[in-house]
Each structure stands twice: as structure tokens, then as C-alpha cells.
Amino acid sequence: MLDSNEDFADELADVTATRTAYDEVADLYTDLVRHQLAGQPLDRAMLAVFAESVADNGSGPIADLGCGPGRITAHLASLGAEVFGIDLSPRMIELARAQYPQLSFEQGSLEQLPMGNETLGGIVAWYSLIHTPPERVPHVLGEFHRVLASKGHVLLAFQAADLPDTVEAFDHKVTRAYRWAPTCLARLLGAAGFTMIARMVREPRPEERFGQAYLLASKDR
């Protein structure tokens, strides 16, 4: 977990760039997304299925990885989930703690999760994996597998690529990001030891440029 400037010294350049970019826009970003879920019934449906799946398994808490200002963390908590948030950006963590003082938020990286082996019942990465360069995504999914208990669940949300089996860099409004074909990311989940449960792609809303994709999977070993 990153707690001081010395801890940032060994970060990869793109990780530092992402952290800095989200620190700079954290307050504006928080205002923009605060009530977004209210108008996104399909997104809420995927989160509800995920929360119910984790609850049915009873294998541990949920980690909202890349939680930002904590809106998804809080929504899952409202569904009865035991959940906490982790984000790369110190400012995002400050805002999340201020808005949801009843919940736990800590600073950390997707690539070095500050949890022990098999300690979680669920992981949600809600548009947070998109900033990881594609060649490092298998490692991140391996970290997800490491910290999830047997039969734990993972939910990924991301912008969908236009063509099958492709990954496309795009000009995200905050910092460099990547769109994935759901089939491509599902294949990596399988290679990491996950079994696919559901996938969904919805059409973009007026304020969105791309289709939005969701993958729900479970740890099968």
C-alpha cells in the first residue's frame, strides 16, 4: 500500500501518471459521477447480481478496486454487502472517506494488492482495469485470483472495443486507457483460473462514446 512519497519512487511511469491525473481531477470527477448510477438500471442490475452471488457464497468481503470517490462501494453496501474500497489516488481516498465515513477506504495499487491470499469473497473493478497496459493485465488478473477465496466472484466493467478480439487505446478524458473486446478479456480471465458466468454489452448512453461491457466470473480453483 502506498503511504508516502518514497513509496512512489519505484512506480512505473504510467502508474504515476494515472495517480497524478486522478488526483488533479478528483473533485470534479466526484461531482460528475455522484448520481450516475441512478440513471443506469443495467449497471445496477449487474452490481446486484454480483452482490447476491458473493452473499450466496459467503466467502468473504468485497474489495472495490479503483473505487475512486466510493460511489460503487457505497452502492454495494446499500445492497447489504460487506465492502471496502482501494484506490491509487490519495485525493480520491480523501473524498471517499469524507463522503462515506461509515465505510473503509485505503490507498493501493491493482498490481500489488495489500491483501492476503484467499481473503476476499468478491472483487469489483469498475472501469479501473482500463488504465493498465494490456501486457500487464494478466498479472493483475493473477492478483485478483490470489486474493479471492475459492468460488469468489469478480466483476469487471470497461469500455468495449469495436472489433472482436481486439484491445484499443483511446483518449480517455483523464489519462490513457484501453478498450477491450469482451471475448478477449474473458479469455484472459479463463487463463487466470476464472470461470465465466455472464457477459453483457450495452449500447452507449448519449454522454458515452462507446458500448459498455461487463464480465462476471468466479474463481474455480
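# Cavity, pocket and helix packing in a predicted model

The largest cavity is lined by Leu129, Ile130, Leu156, Ala157, Phe158, Trp180 and Leu185. The structure described here is a predicted model. Its largest cavity has a volume of about 30 Å³, and the structure holds one cavity of 30 Å³ or more. Strand S5, which spans residues 148–159, gives the most to this lining, with three residues. By class, the lining of the largest cavity has seven nonpolar residues, with no polar and no charged ones.

## The largest pocket

The largest pocket has a volume of about 1,200 Å³. Its lining is made up of 48 residues, and those nearest its centre are Tyr22, Tyr29, Tyr127, Ile130 and His172. Ile130 is also among the residues that line the largest cavity. Four elements give two or more residues to the lining of the largest pocket: helix H1 (13–33), strand S1 (62–65), helix H3 (71–78) and strand S2 (83–87). The largest share of this lining comes from H1, which supplies ten residues. The classes are mixed in the lining of the largest pocket, with 21 nonpolar, 14 polar and 13 charged residues.

## Helix packing

Three helix pairs are set out in the table.

| Helix pair | Angle between axes | Distance between axes |
|---|---|---|
| H1 and H4 | roughly 30 degrees | within 7 Å |
| H2 and H3 | about 60 degrees | 10 Å |
| H5 and H6 | about 50 degrees | 9 Å |

Helix H1 takes part in a contact with helix H4, which covers residues 90–99. Angles under 35 degrees count as roughly parallel, and H1 and H4 are therefore roughly parallel to each other. On the H1 side, the contact is made by Arg19, Tyr22, Asp23, Ala26, Asp27, Tyr29 and Thr30, and on the H4 side by Pro90, Arg91, Met92, Leu95 and Gln99. The residues of the contact of H1 with H4 comprise six nonpolar, two polar and four charged. Tyr22 and Tyr29, which belong to this contact, are also among the residues nearest the centre of the largest pocket.

Helix H2 consists of residues 41–57 and packs against H3 at an angle of about 60 degrees. That angle makes H2 oblique to H3. The crossing of these two helices is right-handed. Arg44, Leu47, Phe50 and Ala51 of H2 form the contact with Ile72, His75 and Leu76 of H3. Among the residues of the contact of H2 with H3, five are nonpolar, one is polar and one is charged. H3 also gives two or more residues to the lining of the largest pocket.

Helices H5 and H6 comprise residues 137–147 and 182–191, respectively, and their axes lie 9 Å apart. H5 and H6 are therefore oblique to each other, and their crossing is right-handed. In this pair, Val137, Pro138 and Leu141 of H5 meet Leu185, Leu188 and Leu189 of H6. The contact of H5 with H6 has six nonpolar residues and no polar or charged ones. Leu185, a member of this contact, also lines the largest cavity.

## Shared residues and elements

Several residues and elements link these parts of the predicted model. H1 gives the largest share of the lining of the largest pocket and also packs with H4. Ile130 lies among the residues nearest the centre of the largest pocket and also lines the largest cavity. Leu185 lines that cavity too, and in H6 it takes part in the contact with H5.

Methods. Residues are numbered from 1 along each chain as its sequence is written. This is a predicted model: local features need pLDDT of at least 70, side-chain atom pairs count only at pLDDT 80 or more; totals for chains, interfaces and linings use all residues. Side-chain values use heavy atoms; hydrogens and water are left out. On a 1 Å grid over the protein atoms alone, a cavity is a set of points where a 1.4 Å probe fits but cannot get out, and a pocket is an open set with protein on both sides within 12 Å along at least five of seven lines; lining residues have an atom within 4 Å of a point. Grid points are joined across faces, edges and corners, and a volume is the space filled by probe spheres set on the points. Ala, Val, Leu, Ile, Met, Phe, Trp, Tyr, Cys and Pro count as nonpolar, Asp, Glu, Lys and Arg as charged, and the others, Gly among them, as polar. Axes are lines fitted to C-alpha atoms, for helices over the stretch in contact, and angles run from 0 to 180 degrees between N-to-C directions. Angles under 35 degrees count as roughly parallel, over 145 as roughly antiparallel, 65 to 115 as roughly perpendicular and the rest as oblique. A crossing is left-handed if the near helix is turned anticlockwise from the far one by less than a right angle, and right-handed if clockwise. Contact means heavy atoms within 4.5 Å.
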